[in-house]
Amino acid sequence: MLRLLAILLLALCSSLFAAKPNIIVIMADDLGYGDVGCYGATAVKTPNIDQLAAKGLRFTSGYCSASTCTPTRFSLLTGTFAFRQKGTGVAPPNGPALIKPGTETMASILKKAGYATAVIGKWHLGLGDPKPDWNGELKPGPLEIGFDHCLLLPTTNDRVPQVYVDDHRVRNLDPKDPLWVGDKAPDENHPTGITHRDTLRMNWTHGHNQTIHNGIGRIGFYTGGTAARFRDEDLGDAWINETNRWIEAHAKEPFFLYFASHDIHVPRMPHERFQGKTTLGYRGDAIVEFDWSVGEIMKTLDRLKLAENTLIVLCSDNGPVLDDGYVDGAVEKLGAHTPAGPFSGGKYSVYEGGTRTPFIVTWPARIQPGVSDELVCTVDLAASFAALTETTLADNACLDSQNVLPALLGEKGAKGRDALLQQDNNGNNLGLRMGEWKLVRMKTKGKSQAVVTKKNRDENQAPLHRLYHLLDDPAELKDLSGEQPERLKAMIAKMEEIVAAPTRK
């Protein structure tokens, strides 16, 4: 009898424990739908990501909310589309904190639910008010919106400065060598990628030619902070070392980790041990490094016996880009590899390739392995995690985040979103997916300096609105707006309705 009671008690405890899992969101940078093995890539091997997918749910209609990094990260954490707040396009080096203290975020939701919280990796959501105090306290920042700890790349690595932010301060900063960051050269003799181009070990194609660090030109200017600066090649290791340390310190309590890798964003300069691992140049090698990072996180969870009750979401902040400002072989060595898979566009675009990315969810204690076609988005994680932890959202919080938890967990009969809005960097161009149909609104036209794909298309003569049937035309090549006037009208009205008012339900 006692043994039976003990078994029942253990089962009850296990059930209660499984209801409050550890949560890790792993966000890649510029990783395309077709860049990993489980989504069809053959030119690059991603065994760790593939194993994650084999153990969980691989979504074929998993999206980020924007086709550039800052707006996607804003909406991921706030559960609100970035276009609803001015100034949420790609953040400059000296940009202020975009998420203001008091804003409900994914981190604050989980902190209220009793979780230890941390963000490790790329931030790119601004620091300070009205700008960062690089030599003092960098606040407000992550710690003012729900995170207990952070180790950050403050902007993105093609922008200055190349330093780590540890909680509120630049790590290893020598007060005798203060850090200065600006948008103009400090003096006429300041070396740049233009004046000293012959010294660069990675040449630039457009932009990325201001201050030089580690033989690579950047966007923006800075001086000082010599002891605090890092090598590009060491970023991946730094994130994993800090992740291992932090998980080990919080292994006995529920924790939430937002792991924001810089791979595979430019400048692509993976650690030497990954260089040359693929035929795709540094872009492919950076994918291998990202896959290694995923594997190292899994090893740590296994070692600490945490894997069974840890919910992991792997996603990307936007779709792929080839030449995004540097000469690194991404275009020349592409071969038959298709970074966006069967889709058109990529980074900067509201075509499917810009926001439909790898999206994998695992939780061994709850999720059965499989493939899901349900429509889910990174903007929905905030409301879904609130539902998971039974945390009530305020009426003015997470305005566009929908609770799609049953779909994320692969529950039988569960449905994802009915409709999803997609934005470009500033929200001028929008996409709306409803079922098998996709509406594209292209207010801003013109050719980007970036080479996103080798399959370029002329947009300048195209109408403002286009309509595509994704089931038959996943590449969005045949505009059906003339053949489907009523559907076009209805979807334009739906797009305008969503833009005018939040859609949380």
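**Exercise 1. Find the partners of β12 in this predicted model.**

Task: State in which sense strand β4 (residues 116-122) pairs with β12, and over how many bridges. Then do this for β1 and β12.

Solution.
- Step 1. Strand β4 and β12 pair in the parallel sense, with six bridges between them.
- Step 2. To place this pairing in residues, take A118, which stands opposite L257 in β12.
- Step 3. Strand β1 (residues 22-28) also runs parallel to β12, joined by five bridges.
- Step 4. Two residues of β1 serve as markers: I26 stands opposite F259 in β12, and M27 stands opposite A260 in β12.

**Exercise 2. Place these strands in their sheet.**

Task: Give the strand order of the sheet, say whether it is open or closed, and name its edge strands.

Solution.
- Step 1. Ten strands form an open sheet with mixed pairing, and their order is β7-β6-β5-β4-β12-β1-β13-β14-β2-β15.
- Step 2. In that order β12 lies between β4 and β1, in keeping with the six bridges to β4 and the five bridges to β1.
- Step 3. The edges are β7 (169-170) and β15 (370-372), each of which pairs on one side only.
- Step 4. At the β7 edge, strand β6 (residues 165-166) and β7 pair in the antiparallel sense over two bridges. Here V165 has V170 of β7 as its bridge partner.
- Step 5. On the other side of β1 from β12 comes β13; β1 and β13 are parallel and share seven bridges. N22 stands opposite T310 in β13.

**Exercise 3. Decide whether β12 and β1 are buried or exposed.**

Task: Take each strand in turn, listing the residues on its two sides. Buried means under 20% relative accessible area.

Solution.
- Step 1. For β12 (residues 255-260), six of the six residues are buried, so the strand is largely enclosed by the rest of the structure.
- Step 2. Split β12 by side: F255, L257 and F259 lie on one, F256, Y258 and A260 on the other, and both faces are covered.
- Step 3. For β1, seven of the seven residues are buried, so this strand too is largely enclosed by the rest of the structure.
- Step 4. Split β1 likewise: N22, I24, I26 and A28 point one way, I23, V25 and M27 the other way, and all are buried.

**Exercise 4. Describe the surroundings of helix α8.**

Task: Say how many residues of α8 (residues 381-388) are buried, and which elements they pack against.

Solution.
- Step 1. Seven of the eight residues of α8 are buried, and the helix is mostly covered.
- Step 2. The buried residues are L381, A382, A383, S384, F385, A386 and L388.
- Step 3. These pack against β1, β13 (310-316) and β16 (376-377), as well as the helices α3 (69-78), α4 (106-112) and α9 (405-408).
- Step 4. β1 and β13, both in that list, are also paired with each other in the sheet.
- Step 5. Just after α8, E390 has a positive phi of about 55°.

**Exercise 5. Describe the whole chain.**

Task: Count the helices and strands, and say why the chain can be called as compact as a globular protein of its length.

Solution.
- Step 1. The chain has 10 helices and 20 strands.
- Step 2. Its radius of gyration is 22 Å and the globule rule gives 23 Å for 505 residues; the two are close, so the chain is as compact as a globular protein of that length.
- Step 3. Along its principal axes the C-alpha trace spans about 80 × 60 × 45 Å.
- Step 4. Buried residues account for 61% of the 505.
- Step 5. Of the contacts between residues at least 6 apart in sequence, 73% join residues at least 24 apart.

Note on methods: Residues are numbered from 1 along each chain as its sequence is written. This is a predicted model: local features need pLDDT of at least 70, side-chain atom pairs count only at pLDDT 80 or more; totals for chains, interfaces and linings use all residues. Side-chain values use heavy atoms; hydrogens and water are left out. Helices (H or I, at least four residues) and strands (E, at least two) are DSSP runs, numbered from the N terminus. The radius of gyration is taken over C-alpha atoms; the globule rule is 2.2 Å times the number of residues to the power 0.38. Buried means under 20% relative accessible area, exposed over 50%, partly exposed in between (1.4 Å probe, protein chains only). Contact means heavy atoms within 4.5 Å. Two strands pair if DSSP finds at least two bridges between them.
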